[in-house]
Amino acid sequence: MRGICSATFTIPSFLFIVFLVQLLVRKKKKEKTRYRLPPGRRGWPLIGDSFSWYNAVAGSHPPQFVQQQVNRFGKIFSCSLFGKWAVVSADPTFNRFIMQNEGKLFQSSYPKSFRDLVGKNGVITVQGEQQRKLHGIASNMMRLEKLKFHFLDDIQLVMLQTLNKFDSNQVILLQDVCRMVAINLMVNQLLGASTETEIKEMARLFSDFVDGCLSLPVNLPGFAYHTAMKARERIIRKINKTIEKRRREGSSEGGNGVLGRLLEEENLPDNEVADFIINLLFAGSETTAKTMLFAVYFLTQCPVAMQQLQDEQDSLRGDWNGVGMLAWQDYKAMSFTMCVIDEALRLGGIAIWLMREAKEEVVYQDYVIPKGSFVVPFLSAVHLDENLYKEATTFHPWRWMDPANQEKRNWRSSPFYCPFGGGARFCPGAELSRLQIALFLHYFVTTYTWSQLKEDRMSFFPSARLVNGFQIRLTKRHVTDSTLPSQN
Ligand code: HEM
């Protein structure tokens, strides 16, 4: 009797359990069919799509590879890059989602060789709480009031020293000049004023360092990466010496520059101070130099825009105190120049894409992104999307004057225009770089006119060595009274 009872009890229980398991399996299956990996191809075994990717970004039109994949698979697709599974996005909303979830679902990801060079304790390479702290300090160092009081005059002094020295008829390679300007700006603004010999020495070290960041990571003599590692050591020694001197001699020495203010206002350990400065140097020099170069290049191809920019710059009052320095209100009056800078950033694609890694399995719309995959918000593909920008590959600065584009233009919050990234890693140097580029354009176009010498081979890839041959012949402008603004 007891046997029958227990049998009648176990059979329904058993059936119920089977039913539950089936339900769970079906649910899992359903979920699996609802969420799928972003579509894409795997390319060649091991190599994947790395070559196609590299060819496209090193060529003259980086979003080309992405565009081909978007046409086949849609705006979010997958491929295999550098031996890893990668999800690439040309979708503005998804790009924003990735940037907004920095530190939560995604985190920035760089190879070890790069982290060794720029420093393990710098804002670019650290994560979580430490990143938020250093990012806050960087934003504070370069906020608007500091630009007005500390940077405006210093930038102009650097421009006067570096740009005034060319003669009429002199032929220059513009990429070299822009690089020299950007590096000198960094030496001046990060370390503060020094003697001319010191500036020259630091500029050489900074230049070697930046070269290494953009080269093959081979740490052997003769390779740019190795030279950059050596330059890094010497820059750190110089920074540590400045810190010591400052501690010995009190607060007035080294008061200039981000380093001086950092020591005065913040409380970072010495090794973090050095990495902090080196991170700013890396993030701020090549990006700014390249935007200056692209702005002049695009203006040279578009004489109407060139004329309008020159008229605007000629009309600025300046305080005409003998060296012709501009005041903050002059900077604020450069409305067309700002359109030129925005257009150079959109079209030039200085930060073409961002590098992220999925911290956990992420579900986005119908897609599932496996933990550990590369995630690449491809900013340039959005900036050059014909559906978002009419004649997207044409330099047309006036597009930014159109009231219909004002929301799109807001580079702090717009998903359609993010040359400075977004979210927790939004570029803390964005305002500073705009000020630097605007002042560069001012001093360049008010001092010289120029003509292009030979057919250039411009590339959008942000490596100075690939932007070949933008050679120009300068003519010094004779600024007559009629071109100077009236002084009433
Ligand atoms: C036209 C010039 C510039 C462009 C286009 C640019 C672009 C960017 C972009 C896209 C990011 C985000 C990277 C990411 O999310 O992974 C970034 C981050 C950063 N930028 Fe800039 N940048 C420029 C100039 C500067 C300057 C002048 C400085 C400072 C001197 C600077 C300092 C930084 C730093 C420190 C970060 C890292 C922030 C963090 O990870 O928390 N940038 N920049």
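The paragraphs below lead through a predicted model, from the chain as a whole to its two sheets, a pair of packed helices, the surroundings of the ligand and two single residues.

The chain contains 18 helices and 10 strands, and 40% of its 488 residues count as buried. When contacts between residues at least 6 apart in sequence are considered, 70% of them join residues at least 24 apart.

A good place to begin is the sheet of five strands, which is open, has mixed pairing and follows the order β1-β2-β8-β5-β3. Its edge strands, each pairing on one side only, are β1, residues 76–81, and β3, residues 106–108. Averaged over the sheet, neighbouring strands are turned by 35° against each other, with direction ignored. The mixed character can be followed strand by strand: β2 (residues 84–89) and β8 run parallel and are joined by four bridges, with V88 standing opposite V376 of β8. On the other hand, β5 (residues 356–358) and β8 run antiparallel, joined by two bridges, and the bridge partner of R356 in β8 is V375. The antiparallel sense also holds for β3 and β5, which three bridges join, and here F106 stands opposite A358 in β5. Helix α4, residues 92–100, packs on this sheet and touches β1, β2, β3, β5 and β8, and its direction makes about 120° with that of β8.

Strand β8 itself deserves a second look. In a regular strand the side chains alternate between the two faces of the sheet. In β8, which spans residues 374–377, F374 and V376 point one way while V375 and P377 point the other way, and all of them are buried.

The other sheet to consider has three strands, is open and antiparallel, and has the order β4-β10-β9. Its edge strands are β4 (171–173) and β9 (448–452), each of which pairs on one side only, and the twist from one strand to the next averages 40°. Between β4 and β10, the latter being residues 471–476, the antiparallel pairing extends over three bridges; in one of the pairs, L173 has Q471 of β10 as its bridge partner. Helix α8, residues 174–191, packs on this sheet by touching β4 and β10, with its direction at about 70° to that of β4.

Within β10 lies L474, which is buried because 20 other C-beta atoms lie within 10 Å. Its C-alpha atom is separated by 5.3 Å from that of N169, although the two residues are 305 residues apart along the chain. Leaving aside neighbours within four places in sequence, L474 is in contact with F166, S168, Q170, I172, Y448 and W450.

Helix α8 leads from this sheet to another packing partner, α12. Two packed helices are described by the angle between their axes and the distance between the axes. The axes of α8 and α12 cross at roughly 145° and come within 8 Å, and the crossing is right-handed. On the α8 side the residues that meet α12 include L174, C178, V181, I183, M186 and L190, and on the α12 side those that meet α8 include I277, L281, G284, T288, M292 and V296. By class, this contact of α8 with α12 has 14 nonpolar, four polar and one charged residues.

Helix α12 also takes part in the surroundings of the ligand. There are 26 residues around the ligand, of which A283, G284, G421, C427 and G429 come nearest. The elements giving two or more residues to this shell are α6 (128–141), α12 (270–301) and α18 (430–447), and the largest share, seven residues, comes from α12. The shell divides into 14 nonpolar residues, 11 polar residues and one charged residue. G284 thus appears twice in this account, among the α12 residues that meet α8 and among the residues that come nearest to the ligand.

The loop between α17 (406–409) and α18 holds the last residue to be discussed, S414. Is S414 buried or partly exposed? Since a residue needs 20 or more other C-beta atoms within 10 Å to be buried, S414 counts as partly exposed because it has 17 C-beta neighbours inside that distance. Apart from residues up to four places away in sequence, S414 touches E407, K408 and R409. From T93, which is 321 residues away in sequence, S414 is 9.6 Å apart in space, C-alpha to C-alpha.

Note on methods
Residues numbered from 1 in each chain as written. Predicted model: local features only at pLDDT ≥ 70, side-chain atom pairs only at ≥ 80, totals over all residues. Buried ≥ 20, exposed ≤ 12 C-beta atoms within 10 Å, placed from the backbone. Contact = placed C-beta atoms within 7 Å. Near = placed C-beta within 6 Å. Nonpolar A, V, L, I, M, F, W, Y, C, P; charged D, E, K, R; others polar. Pairing = 2+ DSSP bridges. Axes fitted to C-alpha atoms, helices over the stretch in contact; angles between N-to-C directions. Left-handed = near helix turned anticlockwise from the far one by under 90°.
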